[in-house]
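Please read this report with the sequence and the model side by side, and find each place in the model as the text comes to it.

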Amino acid sequence: MAAVVKVIKKPGRTVAEQVYLPEIAKGLGLAMGRFFKNTFGPKSMKEIATVKYPEETVEYPERFRGIHRLTQRTDGSPRCVACLCCSTACPAQCIHIEPAEYEPDDPRYGYERFPAVFTIDELRCIFCGYCVEACPCDAIRMDTGMHMPPSTRREHFIFDKDTLLSIPGRDGSYLTANPRHEPGDPSHPGVDRERGH
Ligand code: SF4
Ligand code: SF4
């Protein structure tokens with residue numbers, strides 16, 4: 001069977017379309033209108049999607065993942081027990097922890113460790129939040145509401161333990177709302193020394 005050929009007529013163009021000038025004039029008119037409106041018009045009339053950072057900033061959403069912080073206990077020590085769950089979960093391998101034991105006269109000795117070294121490479125971090133999810137102690141959070149400030153120095157992006165402990169949450173607190181049950185405290189859910197380990 002012979003193929004049926006359907007001929008489609010090429011759409012014609014007017015002279016005005018072929019010289020492009022009216023369309024260019026229309027585009028320029030639109031651009032100039034926006035320019036004058038956004039530069040000299042009242043603020044309520046402006047249609048600007050960008051902000052003049054850093055003088056102006058946008059409000060981040062409540063669940064925005066900002067730079068990390070290490071939460072503190074009420075005595076100011078880190079809640080972190082150096083279990084390495086966060087560094088194990090981290091897909092970017094940007095958390096480095098060196099655990100250490102408390103002194104023998106400390107009630108936490110034998111129960112928990114603490115991070116002698118805790119660093120996060122914020123430049124390598126992909127802000128996935130897995131470290132926060134993995135932490136069993138609510139010791140690491142990304143609720144600071146801050147993004148990494150720009151810098152030309154590589155070392156400025158390596159946050160050590162003291163830096164991480166010195167960053168408050170968005171509410172200004174260094175603690176968390178989750179209660180912390182210390183070893184020796186009757187509310188502590190784990191074993192105690194009298195009953196053995
Ligand atoms: S947010 Fe993700 S990439 Fe960044 S430190 Fe945590 S686990 Fe690693
Ligand atoms: S921050 Fe949390 S998950 Fe990471 S080592 Fe400390 S206690 Fe473990």
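Pro54 sits in the loop that runs between α2 (21–40) and β1 (69–70), where helices (H or I, at least four residues) and strands (E, at least two) are DSSP runs numbered from the N terminus. The peptide bond that leads from Tyr53 to Pro54 is cis, with an omega near 5 degrees. Most peptide bonds, by contrast, are trans, and most residues other than glycine have a negative phi.

The model is a predicted one, in which local features need a pLDDT of at least 70 and side-chain atom pairs count only at pLDDT 80 or more, while totals for chains, interfaces and linings use all residues. Residues are numbered from 1 along each chain as its sequence is written, and chains are lettered from A and ligands numbered from 1 in the order in which they are written.

The domain assignment, which is automatic or taken from a database, divides the chain into domain 1 (18–49) and domain 2 (69–165). Taken over C-alpha atoms, the centres of domain 1 and domain 2 are 50 Å apart.

The 20 residues of α2 should span 28 Å at 1.5 Å a residue, and this agrees with its end C-alpha atoms, which are 28 Å apart; the expected span is 1.5 Å times one less than the number of residues. The helix α2 is hardly covered, since none of its 20 residues is buried. Here a residue is buried if 20 or more other C-beta atoms, placed from the backbone, lie within 10 Å of its own, exposed if 12 or fewer do, and partly exposed in between.

Two residues other than glycine have a positive phi, and the table sets them out.

| Residue | Phi | Place |
|---|---|---|
| Leu84 | about 75 degrees | loop between β1 and α3 (85–89) |
| Gln93 | near 50 degrees | loop between α3 and β2 |

Leu84 counts as partly exposed because it has 14 C-beta neighbours inside 10 Å, whereas Gln93 is exposed, with 10 other C-beta atoms within 10 Å.

Cys94 also lies in the loop between α3 and β2, and it is partly exposed because 18 other C-beta atoms lie within 10 Å. Although Cys94 and Cys125 are 31 residues apart along the chain, their C-alpha atoms are separated by 6.1 Å. Not counting residues up to four places away in sequence, Cys94 touches Ile120, Asp121, Arg124 and Cys125, where contact requires C-beta atoms, placed from the backbone, within 7 Å.

Which residues of the largest nonpolar core touch the most other members? They are Leu70, Cys86, Ile95, Cys131 and Ile140, out of 16 residues in that core, and both β2 (95–101) and β3 (113–121) supply at least two residues of it. A nonpolar core is a set of buried Ala, Val, Leu, Ile, Met, Phe, Trp, Tyr and Cys residues joined through C-beta atoms within 7 Å. Leaving aside its neighbours within four places in sequence, Ile95 is in contact with Cys86, Ser87, Cys90, Ile120 and Cys131.

Ligand 1 is surrounded by 14 residues, the closest being Cys90, Cys125, Cys128, Tyr130 and Cys131, and a residue is near a ligand if its C-beta atom, placed from the backbone, lies within 6 Å of it. Around ligand 2 there are 13 residues, of which Cys80, Cys83, Cys85, Cys86 and Cys135 are the closest.

Notes: Two residues are in contact if their C-beta atoms, placed from the backbone, lie within 7 Å.
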